[in-house]
Amino acid sequence: PKGWASGLPTSSTGSRFQLWSLSLFRTERHLARRLKNNSFYPFTLQQPGVFVLEYYLDTLWKGTLLFVVCLVLVSLDILRQAEKQVTWGISAYGMCVGLWLLVSSLPRRRLVLNHTRGMYHFSIQGRTVYQGPMHLVYVRLALSSDAKGRRFFRLVLCGHKLEPLVLVQLSERYEHMEYLGRHIARKLIINYFDYLITSHRHEIRHWPLGAAFSPGIVRRKAHI
């Protein structure tokens, strides 16, 4: 029927702006509070074994902010009065970039994890981008470091043809981040990967068809 995707109604599920993380400090605690209110965060449990997430990319507000700031600078003619045409050109370029980010982020995204069918479905503004097996969508702990060698971790929801969705921004607390990542993956019944390529900390619940079991990976059964 019209208005359905992958056999599911396209009704609004939760806040479509919940992934816009504005918390700059102790972001893992921010995520923990959200998980306390919704154990399937950032998804909503629509029916047993079916999780739905509707959202807008955070580049929507970033592009809007960039466009407005550059527009104000150009409108007030501040840079022209300083007779710095090169700098004025940079501001105009910033307007174009901001407008592009704004327009490209306006379409609503929808991600459905349908364990009853063993598939996930990703669409933009109602148009299917990709539909594939569950082993192609997962939670990953990503690692980055600064010039001083300090390590920072992020929790990212990844998938084939899916824009990476950052669940937690930079944090130095590896144990907390790992716990949260495992918890989210377990609740959503998807795979979890540590920041290392080869690790006993991976939790695999879905395997590619015909894949052999690896002794370096922890196997988890999916309970729906």
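How many helices and strands are there in the protein chain? The answer is five helices and 13 strands, all seen here in a predicted model.

**View 1. The whole chain, with an eye on confidence.** Start here before zooming in. The mean pLDDT of the protein chain is 78, and 75% of its residues reach 70 or more. Strand 11 (residues 191-193) has the highest confidence, at 96, whereas strand 1 (residues 4-5) has the lowest, at a mean of 40. Over residues 1-14 the pLDDT is below 50, though that stretch has 34 contacts in the model beyond near neighbours in sequence. Residues 218-224 also have pLDDT below 50, with 18 contacts counted the same way. As for the chain overall, 40% of its 224 residues count as buried. Of the contacts between residues at least 6 apart in sequence, 52% join residues at least 24 apart.

**View 2. An open sheet built from five strands.** Follow the strands across and you get the order 3-4-5-6-7, with antiparallel pairing. Strand 3 (44-47) and strand 7 (127-133) sit at the edges, and each pairs on one side only. From one strand to the next, the twist averages 20°. In a regular strand the side chains alternate between the two faces of the sheet.

**View 3. Strand 4 against strand 5.** Here we zoom in on one pairing from that sheet. Strand 4 (residues 50-55) and strand 5 (residues 109-114) run antiparallel and are joined by six bridges. If you want a place to start tracing the ladder, take Val50: its bridge partner in strand 5 is Asn114.

**View 4. The hairpin of strand 9 and strand 10.** Five bridges hook these two antiparallel strands together. One of the pairs is Gly159 with Leu162 in strand 10. Two residues lie between the strands of the hairpin, and Lys161 takes a positive phi near 70° there.

**View 5. The largest nonpolar core.** This core has 33 residues, and Leu113, Leu155, Leu157 and Ile190 have the most contacts inside it. Among the elements giving two or more residues are helix 1 (27-37), strand 6 (119-124), strand 8 (137-145) and strand 9 (151-159). Helix 5 gives the most, with six residues. Which residues does Leu157 contact, leaving aside its neighbours within four places in sequence? The list includes Phe43, Leu111, Val137, Tyr138 and Val139. It also takes in Glu163, Pro164, Leu165, Leu167 and Ile190.

**View 6. Helix 5, end to end.** With 15 residues, helix 5 reaches 21 Å from its first C-alpha to its last, which is close to the 21 Å expected at 1.5 Å a residue. Its buried residues are Tyr174, Met177, Glu178, Leu180, Gly181, Arg182, His183, Ile184, Ala185 and Leu188. Charged names turn up in that list too, including Glu178 and Arg182.

**View 7. His183 and its partners.** Stay on helix 5, where His183 is found. Why does His183 count as buried? Its relative accessible area is 14%, and the cut-off for buried is under 20%. Setting aside neighbours within four places in sequence, His183 is in contact with Leu35 and Ser39. His183 and Leu35 are 148 residues apart in sequence, yet their C-alpha atoms are 9.2 Å apart in space.

**View 8. Ile189, just after helix 5.** Ile189 is found in the loop between helix 5 and strand 11. Its phi is near 60°, a positive value in a residue other than glycine. Is Ile189 buried or exposed? It counts as buried, at 7% relative accessibility.

**View 9. Gln125, in the loop between strand 6 and strand 7.** This loop is where Gln125 is found. Gln125 has a positive phi of about 55° although it is not a glycine. With a relative accessible area of 48%, Gln125 is partly exposed.

**View 10. A cis peptide bond at Pro42.** Keep an eye on omega in this one. The peptide bond from Tyr41 to Pro42 is cis, with omega near 5°. Pro42 has its place in the loop between helix 1 and strand 3.

Conventions. Residues numbered from 1 in each chain as written. Predicted model: local features only at pLDDT ≥ 70, side-chain atom pairs only at ≥ 80, totals over all residues. Heavy atoms only, no water. Pairing = 2+ DSSP bridges. Helix = DSSP H or I, 4+ residues; strand = E, 2+ residues; numbered from the N terminus. Axes fitted to C-alpha atoms, helices over the stretch in contact; angles between N-to-C directions. Core = buried A, V, L, I, M, F, W, Y, C linked by side-chain atoms within 4.5 Å. Buried < 20%, exposed > 50% of the residue type's maximum accessible area, 1.4 Å probe, protein only. Contact = heavy atoms within 4.5 Å. pLDDT = per-residue confidence, 0-100. Expected span 1.5 Å × (residues − 1).
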